[in-house]
Amino acid sequence: MPALLQTELADLHLHARGKVRDIYSAGEFLLMVATDRISAFDHVLASGIPGKGNVLTQLSLFWFDFLADTVPNHLITADVEQYPADIAAHADELRGRSMLVAKANMFPVECVVRGYLSGSGWKDYQATGKVCGIALPAGLSESDRLPEPIFTPATKSADGEHDVNISFEEMTARIGRQAAENLRRLSLEIYNKAADYALTRGLILADTKFEFGRTSKGVVLADEALTPDSSRYWPLDSYVPGGPQKSFDKQYVRDYLEEIRWNKRSPAPALPEDVVARTREKYFEAYRLLTGSPLHV
Ligand SMILES: Nc1ncnc2c1ncn2[C@@H]1O[C@H](COP(=O)(O)OP(=O)(O)OP(=O)(O)O)[C@@H](O)[C@H]1O
Ligand SMILES: [Mg+2]
């Protein structure tokens, strides 16, 4: 199975191409197609991971369903047979890796929840003793569990390439206090519910990022949800705080890119076949561990 790096759905209007998703206009809806593109260090690599788009889509669907009582979401349908006729004509390319969603007016804030100290949170803590302005106990180590999960919003940098952490006060200045408090409450509630469940499946949900938007139905959870691309999952049985944990999915990719000493500038390199194969296995393993059944594509 070759990787799907880009879709070219003739006769449909391309609304946007993200790092991973191709998004088409579909009347009042959007068609979100998860390709097999993979990014590392903020760059899309020249190789894709075959079936990765299916894993991301199916895991988001799993979580949307799991969280249905907690938060409404943007999903209209992922059943290609129910897509509008002009889109359904592309059913074979879209099946399993796409969703028809309500077009949302997105809040320009990434809603990050951290239950553990890692990544930019760990850097921030080392420098300031806080994460995004939230004071934490002294003496924490990298990957430690936090006394309680914290909400640490971020925005896209001006170049759109990477995220910049902001304080909750900055978030309220951008979207208003009521909306900010609502998104914080929702994000923490979703994180807690998902993290509790993930633990029962042998995975620590260290942190995750949500995106919300406004539709005619009110505030909805949009974008992808709780996938390995938007979340840090760590295997519970190999968790040892006091240093970095192996990234569940992209570790082989990162290791390879460090090994070849890529300067992290364009053009991003391609990946050797074994790195692609092992990374692919990790994405599928994440799906199997979280849902309890293997994903067949
Ligand atoms: N219901 C929706 N309505 C409008 N825009 C949406 C909706 N759901 C998601 N989006 C937007 O669609 C895009 C998803 O594409 P993708 O994830 O590839 O992009 P990206 O965010 O640039 O990449 P990355 O996730 O690596 O930052 C994001 O810009 C997201 O904000
Ligand atoms: Mg995204």
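In the predicted model, the shell around ligand 1 comprises, by class, nine nonpolar, two polar and seven charged residues. In total, 18 residues surround the ligand, and the closest are Val20, Arg21, His74, Ala102 and Glu211. Several strands contribute to this shell: strand S2 (21–26), strand S3 (29–34), strand S7 (98–102) and strand S15 (203–215) each supply at least two of its residues.

Individual polar contacts with ligand 1 involve both backbone and side-chain atoms of the protein. A backbone N or O atom of Arg21 is found 2.7 Å from an oxygen atom of the ligand, and a backbone N or O atom of Val20 lies 2.8 Å from an oxygen atom of ligand 1. His74 takes part through its side chain, in which an N or O atom is 2.9 Å from a nitrogen atom of ligand 1. Ligand 1 taken alone exposes 620 Å², of which the protein buries 82%.

A further set of contacts is centred on Arg17, a residue of strand S1 (residues 14–17). Arg17 has a relative accessibility of 35% and therefore counts as partly exposed, since that class lies between the limits of 20% for buried and 50% for exposed residues. When residues up to four places away in sequence are not counted, Arg17 touches Gln6, Thr7, Glu8, Asp22 and Arg37. One of these, Gln6, is 11 residues from Arg17 in sequence, and the two C-alpha atoms are 9.1 Å apart in space. Two of the contacts can be described at the level of atoms. The side chain of Arg17 reaches the backbone oxygen of Thr7 at 3.2 Å, and it also makes a polar contact with the side chain of Asp22, at 3.1 Å.

Helix H1 was examined for its length and its burial. The helix consists of 15 residues (residues 52–66) and, at 1.5 Å a residue, should span 21 Å. The expected span is obtained by multiplying 1.5 Å by one less than the number of residues. The end C-alpha atoms of H1 are 21 Å apart, so the model agrees with the expected span. H1 is mostly covered, with 11 of its 15 residues buried. The buried residues begin with the run Lys52, Gly53, Asn54, Val55, Leu56 and Thr57, and continue with Leu59, Ser60, Leu61, Trp63 and Phe64. In general, an α-helix has 3.6 residues a turn, so residues three or four places apart point the same way.

Terms used:
Residues are numbered from 1 along each chain as its sequence is written. Chains are lettered from A and ligands numbered from 1 in the order in which they are written. This is a predicted model: local features need pLDDT of at least 70, side-chain atom pairs count only at pLDDT 80 or more; totals for chains, interfaces and linings use all residues. Side-chain values use heavy atoms; hydrogens and water are left out. Helices (H or I, at least four residues) and strands (E, at least two) are DSSP runs, numbered from the N terminus. Buried means under 20% relative accessible area, exposed over 50%, partly exposed in between (1.4 Å probe, protein chains only). Contact means heavy atoms within 4.5 Å. A polar contact is a pair of N or O atoms within 3.5 Å; within protein, one must be able to donate a hydrogen and the other to accept it, and residues adjacent in sequence count only if both atoms are side-chain atoms. A residue is near a molecule or strand if one of its heavy atoms lies within 4 Å of it. Accessible areas come from the Shrake-Rupley method with a 1.4 Å probe; for residues, only the protein chains shown count as cover. Ala, Val, Leu, Ile, Met, Phe, Trp, Tyr, Cys and Pro count as nonpolar, Asp, Glu, Lys and Arg as charged, and the others, Gly among them, as polar.
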